Amino acid sequence: MSELIVTTRRLRLEPFAHRHGPELESFARLWEVARYTATIPHPYPSGGGAIYAEQVSFGWRHGGELLWAVIEKATSQVVGCAGLDPTPDRRGFELGYMYAPWSWGRGVASEAAIALVGTAFRHLEADEVFAHAVGENRASCRILAKAGMRRIGNATYFAPAREHWVRAEAYRLLRREWSS
Ligand SMILES: CC(C)(COP(=O)(O)OP(=O)(O)OC[C@H]1O[C@@H](n2cnc3c(N)ncnc32)[C@H](O)[C@@H]1OP(=O)(O)O)[C@@H](O)C(=O)NCCC(=O)NCCS
């Protein structure tokens with residue numbers, strides 16, 4: 001997969017790389033960021049951002065998760081990261097994201113989510129985009145709805161920060177339901 005840069009009105013999404021690691025760590029280490037995610041342990045290990053970047057770079061080259069650093073154009077700051085994780089047949093992509101608390105509540109996460117849903121259908125030949133969000137994480141559920149997804153049921157996933165499985169709402173958008 002060639003590395004794909006995605007731009008929106010306020011944001012530039014760059015394939016997540018080593019240089020983004022320290023900024024990622026500055027917010028990934030916070031409990032309020034890690035607590036609902038399916039990837040972030042707590043406490044977050046020092047240097048974990050760089051290791052994560054290596055793993056992601058492998059993903060870009062070998063068909064794994066596509067993860068972007070979300071950069072605010074106005075400040076050049078990394079405010080979050082968002083990804084599309086393919087199913088083995090690459091017909092479906094799971095949307096995931098986390099953002100620095102200092103960027104919350106400004107529509108940034110929604111703007112990136114909408115852009116990545118479009119990327120999946122326009123550039124990755126996706127048949128569907130899906131996601132999970134813990135019900136009490138209302139902001140995340142709302143983002144998925146704003147990105148055009150509808151709730152299709154429940155799911156469970158492992159949350160490393162909690163070291164146990166959590167119940168979540170499952171959302172999906174099919175290509176034929178997507179309005180570009
Ligand atoms: C979830 C998260 C991405 C939200 O980021 P954000 O920047 O605040 O999101 P946005 O500003 O784009 O949009 C949030 C939406 O949820 C709404 N919202 C926020 N808190 C809410 C609440 N308690 N109840 C209902 N809606 C809520 C906002 O009003 C907004 O909707 P609107 O545009 O219709 O007004 C951010 O809190 C985060 O990174 N959390 C930690 C990681 C995480 O939970 N990731 C998701 C794992 S599934």
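**Notebook: strands, helices and a ligand**

I began at one paired position: Arg12 of S2 stands opposite Ile71 in S3. A reminder to myself before going on: this is a predicted model.

**Entry 1, around strand S2.** I looked up how S2 and S3 run, and found that they pair in the antiparallel sense over five bridges. Then I turned to the other neighbour, S1. Two bridges join S1 to strand S2, residues 11–15, and these strands also run antiparallel. I noted both positions that I could name here: Val6 stands opposite Leu13 in S2, and Thr7 stands opposite Arg12 in S2. So Arg12 came up twice in my notes, opposite Thr7 and opposite Ile71 in S3. How many residues does the hairpin from S1 to S2 pass through? I counted along the chain and got three residues.

**Entry 2, the whole sheet.** I reminded myself that strands of a sheet pair through backbone hydrogen bonds, either parallel or antiparallel. Next I traced the order of the strands, which is S1-S2-S3-S4-S5-S6-S8-S7. These eight strands form an open sheet, and the pairing is mixed. Which strands stand at the edges? I found strand S1 (6–7) and strand S7 (150–159) there, each with a single partner strand, so one side of each has no neighbour in the sheet. I also checked what lies against the sheet: H4 packs on it, touching S1, S2, strand S3 (66–72), strand S4 (78–86), S5, strand S6 (128–133) and strand S8 (164–174). The direction of H4 makes about 160 degrees with that of S5.

**Entry 3, two helices that meet.** I picked helix H1 (residues 21–28) and helix H3 (residues 48–62). Their axes come within 7 Å and cross at roughly 120 degrees. That angle makes H1 oblique to H3. H1 passes H3 in a right-handed crossing. I listed the contact residues: H1 brings Gly21, Pro22, Leu24, Glu25 and Ala28, while H3 brings Gly48, Gly49, Ala50, Tyr52 and Ala53. By class, this contact of H1 with H3 has six nonpolar, three polar and one charged residue.

**Entry 4, around the ligand.** Which residues come nearest to the ligand? Of the 21 residues around it, I wrote down Trp104, Ser110, Arg138, Ala139 and Arg142. Strand S5 (92–99), helix H4 (108–123) and helix H5 (138–146) are the elements that give two or more residues to this shell. H5 supplies the largest share, five residues. I sorted the shell by class too, and it has 11 nonpolar, seven polar and three charged residues. I was pleased to meet H4 again, having already seen it packed on the sheet.

**Entry 5, two backbone details.** I looked at the loop between helix H2 (31–34) and H3, where Pro43 is found. Is the peptide bond from His42 to Pro43 cis or trans? I read it as cis, with omega near 0 degrees. My last stop was Ser76, in the loop between S3 and S4. Its phi is near 60 degrees, a positive value in a residue other than glycine.

Key: Residues numbered from 1 in each chain as written. Predicted model: local features only at pLDDT ≥ 70, side-chain atom pairs only at ≥ 80, totals over all residues. Axes fitted to C-alpha atoms, helices over the stretch in contact; angles between N-to-C directions. Helix = DSSP H or I, 4+ residues; strand = E, 2+ residues; numbered from the N terminus. Parallel < 35°, antiparallel > 145°, perpendicular 65-115°, else oblique. Left-handed = near helix turned anticlockwise from the far one by under 90°. Contact = placed C-beta atoms within 7 Å. Nonpolar A, V, L, I, M, F, W, Y, C, P; charged D, E, K, R; others polar. Near = placed C-beta within 6 Å. Pairing = 2+ DSSP bridges.
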